[in-house]
Amino acid sequence: MTAAPRKRLSPEESRDAALEAARALLLEAGPQAVTLKAVAARIGRTHANLLHHFGSAAGLQKALAANIACGVTSKISAAVMRARAGDHDDHEVVNLTFDAFDRGGAGALASWMILTGNQDALDPILEAIHGLMDELAEGHDDKAHSLREETLQLVLMAVGDALLGAPMARALGLPRDKARQMAVAQLSRTMAEHHGDVEKPQ
């Protein structure tokens with residue numbers, strides 16, 4: 001295989017290319033494939049170049065977690081804001097969350113970080129979710145606690161489904177998307193209660 005000519009990249013472009021390659025490796029072969037050597041080979045850079053950007057494999061994985069978390073929370077935030085504006089779709093919020101942890105690789109990455117003892121790499125995901133909750137609760141202090149409970153439930157369901165959803169559904173003779181259906185039903189009940197609370201003063 002002929003190596004592609006090496007293009008001169010800015011530090012930001014080089015870092016972005018590495019994260020894109022790391023995400024591709026995560027989705028193709030799982031979190032254990034996200035190594036400095038594999039990412040360097042994927043983008044035609046040196047191991048030393050990636051060490052300069054990330055410091056270590058753990059640093060690369062933490063940066064990848066932050067990159068995924070940023071994308072996940074921005075999409076969920078936009079969906080929730082649309083729901084509040086009247087363009088309400090519980091399925092969209094649930095599917096975005098479940099897809100992020102399943103097809104987006106966040107669930108596999110999170111579990112790998114825990115199993116390898118690199119729990120610090122989870123910090124960006126947790127911080128992003130915390131920031132999302134602060135954003136969604138702004139101006140709704142009375143609902144802040146319930147928002148956090150809903151997020152906890154939805155994220156834990158999404159992580160569990162990403163890791164065990166398919167085999168569990170098969171073992172129990174249930175449709176593969178049963179966990180999503182349950183999450184949508186729960187979110188719909190919660191949103192209906194919230195809308196009722198909002199309408200009472202009027």
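**Helix 8, a pocket and a cavity**

Q: In which helix does L172 lie?
A: This is a predicted model, so to speak of local features takes pLDDT of at least 70 and side-chain atom pairs count only at pLDDT 80 or more, while totals for chains, interfaces and linings use all residues. Residues are numbered from 1 along each chain as its sequence is written, and side-chain values use heavy atoms, with hydrogens and water left out. Helices are DSSP runs (H or I, at least four residues; strands are E, at least two) numbered from the N terminus, and the one holding L172 is helix 8.

Q: Is L172 buried or exposed?
A: The cut-offs are under 20% relative accessible area for buried and over 50% for exposed, with partly exposed in between (1.4 Å probe, protein chains only). L172 has 55% relative accessibility, so the residue counts as exposed.

Q: How much accessible area does the nonpolar surface patch with L172 have?
A: Patch members have over 30% relative accessible area and no salt bridge (Lys or Arg side-chain nitrogen within 4 Å of an Asp or Glu carboxyl oxygen); nonpolar side chains are joined within 5 Å, like charges within 9 Å. Areas are Shrake-Rupley values with a 1.4 Å probe, and only the protein chains shown count as cover. L163, L164, M168, L172 and L174 together come to about 480 Å².

Q: Which helix gives the most to the lining of the second largest pocket?
A: A pocket is an open set of points on a 1 Å grid with protein on both sides within 12 Å along at least five of seven lines, and lining residues have an atom within 4 Å of a point. This one is lined by 18 residues, with I125, L126, I129, V155 and L156 nearest its centre. Helix 6 (106–115), helix 7 (123–137) and helix 8 (144–172) each give two or more residues. With seven residues, the top contributor is helix 8.

Q: How many nonpolar residues does the lining of the largest cavity have?
A: A cavity is a set of points where a 1.4 Å probe fits but cannot get out. The largest cavity is lined by I68, A69, V72, T73, F101, A106, I125 and I129, and helix 4 (57–84) supplies the largest share, four residues. Ala, Val, Leu, Ile, Met, Phe, Trp, Tyr, Cys and Pro count as nonpolar, Asp, Glu, Lys and Arg as charged, and the others, Gly among them, as polar. There are no charged residues in this lining, one polar, and the nonpolar ones number seven.
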